[in-house]
Amino acid sequence: MSVIPLDAADEVATEPVPPARRRRGLPGLLRRPGGIFGAAWLTFVIVASLTAPLWRPFEPGQQDTANRLALPSAEHWLGTDPLGRDLLSRIFTAGSLPLLSSALMLVVAFGIGLPLALIAAERGRRVERVISRVTEVFLALPATILLLALIGVIGNRLYPVMAVLGVLISAAVYRVLLGVAQSVRQRLYVDAARVNGLGSLRVNLVHVLPSMATVVAVQAAQLFGIGLLIVAGLAFLGFGPGEPEPSWGFMIQDASGYIYTSPWLMVPTGLVLALTVVAANELADALAGRAAGARGTRRRRRPLRRAVAAAAVPDGTPADPAAVLEVRDLTVSVDDGPDLVTGVSFSLRQGQVLGLVGESGCGKTMTARSLLGLLPDGVSVTGGSIRWQGRELAGLPETELNRIRGREIAMISQEPMVALDPMFSIATQLVGPIRRFREVGRSQAKRIAAELLRNVGIVDAERVLKSYPHQLSGGMAQRVCIALALTGEPQLLVADEPTTALDVTVQAEILSLLRALVRDTGLSVVIVSHDLGVVADICDDVAVMYAGQAVESGTAEAVLDAPAHPYTMALLGANPHVPEGEPVPERLASIAGTVPPPGSWPTGCRFATRCRFAQEKCTVPFPALPAHGAGSVLCIRVDELSREHATWTPERAGDEIQPGAEVLAPADETAPTAGVSS
Amino acid sequence: MLAYVAKRLALAVGTVLAAVVIVFLLVHASDTTPGAVRAGAGATAERVAAENEALGWNRPLWVQFTDYLGQLVQGDLGTSLVDGRDIAADLADRLPVTASIALFATLLSGLVGVFLGVTAAVRGGRLGRLITTGSGVALSLPAFWVGILFVYLLSLQLGWFPATGYTEFSSDPLGWLSSIAIPVITLAVGGAAIIARTAAAGMREALTQEHIRTLRAMGTPRWRIRYVHALRYASVPVVSTLGIQFIALFGGSVIIENLFALPGLGQASQVAASSSDFPALVGVVVVATVVVVVTNLLLDLVVAALDPKVRTS
């Protein structure tokens with residue numbers, strides 16, 4: 001009847017919301033203009049229609065022959081129909097039938113669909129299969145024509161017809177709710193409740209149903225709108241309450257006959273019907289939180305005045321004349337929000353490997369991605385300089401950066417399995433950039449692609465070229481990603497946790513591949529890792545990052561052998577990798593608390609809240625001190641600690657770990673990390 | 001793959017069978033009998049009984065059912081109770097009308113919807129919000145009301161197209177196109193709105209994928225990232241929705257054909273429903289179910305062709 005498919009409800013298969021997080025649902029709904037409008041108009045129409053006999057100015061059948069087809073007037077607010085009947089009275093008298101019969105359809109649809117979904121989710125695959133097959137058949141039936149067939153058999157009885165429609169629609173309801181019920185059931189707390197001996201009914205009532213409430217509400221609102229359109233459509237075809245009873249569909253049908261002489265006639269009824277359906281859909285949208293879907297995706301860049309100004313200071317006088325990459329005082333911030341990285345400096349020579357290490361949320365990835373200008377939307381470089389072969393990259397326009405990406409600086413990412421385009425074969429994905437970078441024909445590009453794959457240790461290159469990403473293993477995918485990064489023969493490779501998502505044996509293979517590339521091609525690498533083993537394995541230099549700062553830097557050897565910053569000591573103490581020839585420690589050290597999120601960093605030393613050696617003087621800001629030759633360390637007590645031969649040893653069993661200074665506030669463990677993780 | 005195709009085919013046959021069973025039972029549960037319909041109003045009870053006897057209505061249900069199935073397999077849908085016309089031939093004449101309107105409307109929805117949805121996702125901002133809100137309203141509008149508005153605008157005010165009626169393609173191709181223009185545009189309003197939403201959501205999701213970042217890191221031109229890679233990623237849900245759309249428009253044809261006086265399947269089902277012409281009702285349901293099932297099968301094939309994960313598994 002309507003142009004809306006019954007499956008439209010599928011679109012809103014939103015994630016289930018655990019009960020605890022639903023509390024803000026209602027105010028959130030009312031913050032959206034669409035939600036306010038939807039709720040208000042629906043309430044108005046429902047109340048006005050159900051109470052119409054009490055307030056309507058005229059009887060719906062009362063004819064005012066002097067005032068036929070009248071425009072709105074003080075007497076007839078919405079005008080009159082061809083028999084001079086009052087439109088306002090007729091519209092709202094007609095309202096209760098579509099509203100109530102759509103409600104009946106909803107009750108039937110959910111009355112069948114919801115229990116079926118719960119049963120299918122609970123009873124496991126076999127039951128689910130049977131129910132799902134049956135509903136698939138139902139979904140494929142032409143609902144509209146079946147309804148007409150039903151009317152042909154039982155006559156114009158709207159309530160039974162809508163109840164049957166409810167049965168047909170229950171298949172769509174089931175399909176959406178099954179997905180939600182299954183994912184709720186997989187939650188740990190549902191398992192826990194079952195283990196605790198709650199009966200099946202109670203588990204469903206207490207845990208599963210509340211989590212499904214949002215999805216049910218969204219679906220109900222949407223289906224309600226569809227129901228209204230179908231009732232009106234049936235009445236339009238003449239399958240509604242007959243004259244003189246008013247109905248929305250028939251009033252529009254009636255109006256279509258007078259469109260030459262009185263076009264106004266179709267406006268009030270059509271508008272009320274349209275607004276009611278719009279209201280139901282807007283309410284559904286607001287419930288699903290989809291109104292926010294239209295967020296601007298356009299990138300807003302803050303002007304980089306600070307960056308350019310800062311870059312002007314060390315201009316022409318790089319600290320290390322041999323450095324190809326020179327990062328000075330890099331600051332990365334959320335637009336109109338907190339800083340994510342502050343004052344980070346490091347440099348890199350050709351053919352060297354620099355490691356950025358630290359816990360998650362320390363700004364390593366942001367630092368690495370800023371080298372290519374690939375920060376997430378709403379995050380940008382707001383200070384400092386990134387000099388690449390004498391060129392300033394910070395603040396470079398997108399088009400300029402695009403010329404550098406791939407050709408001079410390339411990147412491989414954390415998760416090789418999702419880093420490749422799932423829709424295209426490996427050959428297509430390699431040939432495109434090869435042709436662009438090396439200006440060769442298709443067949444030669446294909447040869448180069450195979451050669452690149454062999455260079456990264458893929459033996460059956462021909463087969464891999466024909467494969468799609470989902471057919472590759474993680475290690476294989478990462479090799480392909482490395483080959484992809486090499487298509488433009490870059491001089492710098494930024495590797496963001498390149499081994500984290502891989503198996504341990506594969507990790508070692510990828511690292512040795514990177515090492516071989518550095519050795520054979522003179523590639524420079526910036527590698528991000530939380531794993532000190534990786535650093536020890538492959539890096540020449542290292543910068544240890546904590547809470548957006550580089551707290552210690554220097555050659556990998558010096559930093560790992562003689563850590564000067566307590567955080568580096570702690571990381572080493574917590575590292576399960578044991579160098580050869582040393583005894584395996586009985587216990588590993590731990591670091592109390594978590595990294596403070598951006599925006600809540602303490603003044604002074606940002607590690608002080610978790611540091612065993614923290615004292616009151618650690619709470620005031622201080623500059624970085626030179627260390628490890630060309631490196632630096634950001635700790636005011638570095639000399640004292642070095643005199644005392646301080647080490648971050650494992651705690652004895654049973655010891656409570658106390659962060660050092662009592663003057664410091666404990667780290668806020670509950671605050672979210674501003675949605676940006678390292 | 002073969003097992004998959006076999007399963008889909010089995011489901012398709014099962015669906016058609018289910019539809020036949022449902023309408024067959026429905027007709028037999030009715031309190032009117034085909035004899036009464038054929039004899040017309042005011043016929044004597046003897047006359048009705050004689051008609052029922054002649055139609056084989058009094059035979060056991062399963063005999064009638066297997067009989068009907070046997071005829072169905074041979075493409076025989078019986079004759080109308082009202083005017084005795086051959087139903088299969090009648091529906092064969094009507095099918096192209098409905099199918100062409102639904103097909104054109106689907107294509108138009110696809111073109112307009114993808115354009116709007118991609119624009120909303122890529123441009124974002126105020127324009128994106130406008131498109132999202134506009135499509136939310138458009139998909140809620142009753143097609144018959146929109147149709148009347150278009151008749152008022154495009155036919156009465158601008159005089160571009162005829163308001164109602166159908167011209168045979170064979171007699172006047174241009175006139176045919178012009179006669180289905182307003183119905184197609186009317187159906188495409190809601191269709192385009194749904195496609196726009198799907199395309200916008202798909203593009204937004206696509207643009208946040210990790211592999212898009214890889215492409216950016218490779219210095220891939222922006223138009224290529226958007227219109228080759230992201231659009232390809234979003235194409236699977238869009239094509240699925242287009243298939244559902246075609247089915248929905250096919251069903252929606254009842255109203256449109258009534259409004260514009262088009263001799264299609266929808267009109268046939270309305271007439272059959274209001275006159276209780278049982279064989280015609282069953283016939284329409286069977287044909288409509290076959291169309292839905294065939295569309296779904298084609299859709300599966302297209303999705304498999306688009307999505308390497310489906311294709312290679």
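How many salt bridges does the rule find across the interface of chain A and chain B? The exercises below work on a predicted model.

**Exercise 1. Describe the interface of chain A and chain B, beginning with its salt bridges.**

Solution.
Step 1. The rule finds two salt bridges across this interface. One of them joins the side chains of Glu398(A) and Arg216(B), with an N to O distance of 3.6 Å. The cut-off for a salt bridge is 4 Å, so a distance within that value is accepted.
Step 2. Turn to polar contacts: 13 residue pairs are found across the interface, both residues of each pair being at pLDDT 80 or more.
Step 3. Identify the element of chain A that gives the most to the side touching chain B: helix H11 (residues 266-288), with ten residues. By class, that side of chain A has 47 nonpolar, 19 polar and 14 charged residues.
Step 4. State the extent of the interface. In chain A, 80 residues are in contact with 83 residues of chain B. The area buried between the two chains is about 7000 Å², and carbon and sulfur atoms give 69% of that area.

**Exercise 2. For the salt bridge of Glu136(A) and Arg133(A), give the distance, the location and the exposure of each residue.**

Solution.
Step 1. The closest N and O atoms of the two residues are 2.9 Å apart.
Step 2. Both residues belong to helix H5 (residues 125-140) of chain A, where they are three residues apart, about one turn of the helix.
Step 3. Residues between 20% and 50% relative accessible area are classed as partly exposed. Glu136(A) has 23% relative accessibility and therefore counts as partly exposed. Arg133(A), at 31%, also counts as partly exposed.

**Exercise 3. Are Arg94(B) and Asp90(B), which form a salt bridge, buried or exposed?**

Solution.
Step 1. Recall the principle: side chains of opposite charge can pair when their charged atoms come close. In this pair the closest N and O atoms are 3.3 Å apart.
Step 2. Both residues lie in helix H5 (residues 87-123) of chain B, four residues apart, about one turn of the helix.
Step 3. Arg94(B) and Asp90(B) are both buried.
Step 4. Salt bridges with shared partners join Asp83(B), Arg85(B), Asp90(B) and Arg94(B) into one network.

**Exercise 4. Which strands stand at the edges of the open sheet with the order E2-E1-E4-E5 in chain A?**

Solution.
Step 1. The sheet is formed by four strands, and their pairing is antiparallel.
Step 2. Strand E2 (339-349) and strand E5 (391-392) of chain A each have a single partner strand, so one side of each lacks a neighbour in the sheet; these are the edge strands.
Step 3. Strand E1 (residues 323-334) of chain A pairs with E2(A) in the antiparallel sense over seven bridges. Within this pairing, Ser333(A) has Asp339(A) in E2(A) as its bridge partner.

**Exercise 5. Determine the covering and the partners of strand E3 (residues 353-357) of chain A.**

Solution.
Step 1. Five of the five residues of E3(A) are buried. Val353(A), Gly355(A) and Val357(A) lie on one side, with Leu354(A) and Leu356(A) on the other, and both faces are covered.
Step 2. With strand E8 (residues 524-529) of chain A, E3(A) pairs in the parallel sense over five bridges. Gly355(A) stands opposite Ile527(A) in E8(A).
Step 3. Strand E9 (residues 541-546) of chain A runs parallel to E3(A) and is joined to it by four bridges. Here Leu354(A) stands opposite Asp541(A).

Notes: Residues are numbered from 1 along each chain as its sequence is written. Chains are lettered from A and ligands numbered from 1 in the order in which they are written. This is a predicted model: local features need pLDDT of at least 70, side-chain atom pairs count only at pLDDT 80 or more; totals for chains, interfaces and linings use all residues. Side-chain values use heavy atoms; hydrogens and water are left out. Contact means heavy atoms within 4.5 Å. Buried area is the accessible area (1.4 Å probe) that two parts lose on being put together, summed over both. A polar contact is a pair of N or O atoms within 3.5 Å; within protein, one must be able to donate a hydrogen and the other to accept it, and residues adjacent in sequence count only if both atoms are side-chain atoms. Helices (H or I, at least four residues) and strands (E, at least two) are DSSP runs, numbered from the N terminus. Ala, Val, Leu, Ile, Met, Phe, Trp, Tyr, Cys and Pro count as nonpolar, Asp, Glu, Lys and Arg as charged, and the others, Gly among them, as polar. Buried means under 20% relative accessible area, exposed over 50%, partly exposed in between (1.4 Å probe, protein chains only). Two strands pair if DSSP finds at least two bridges between them.
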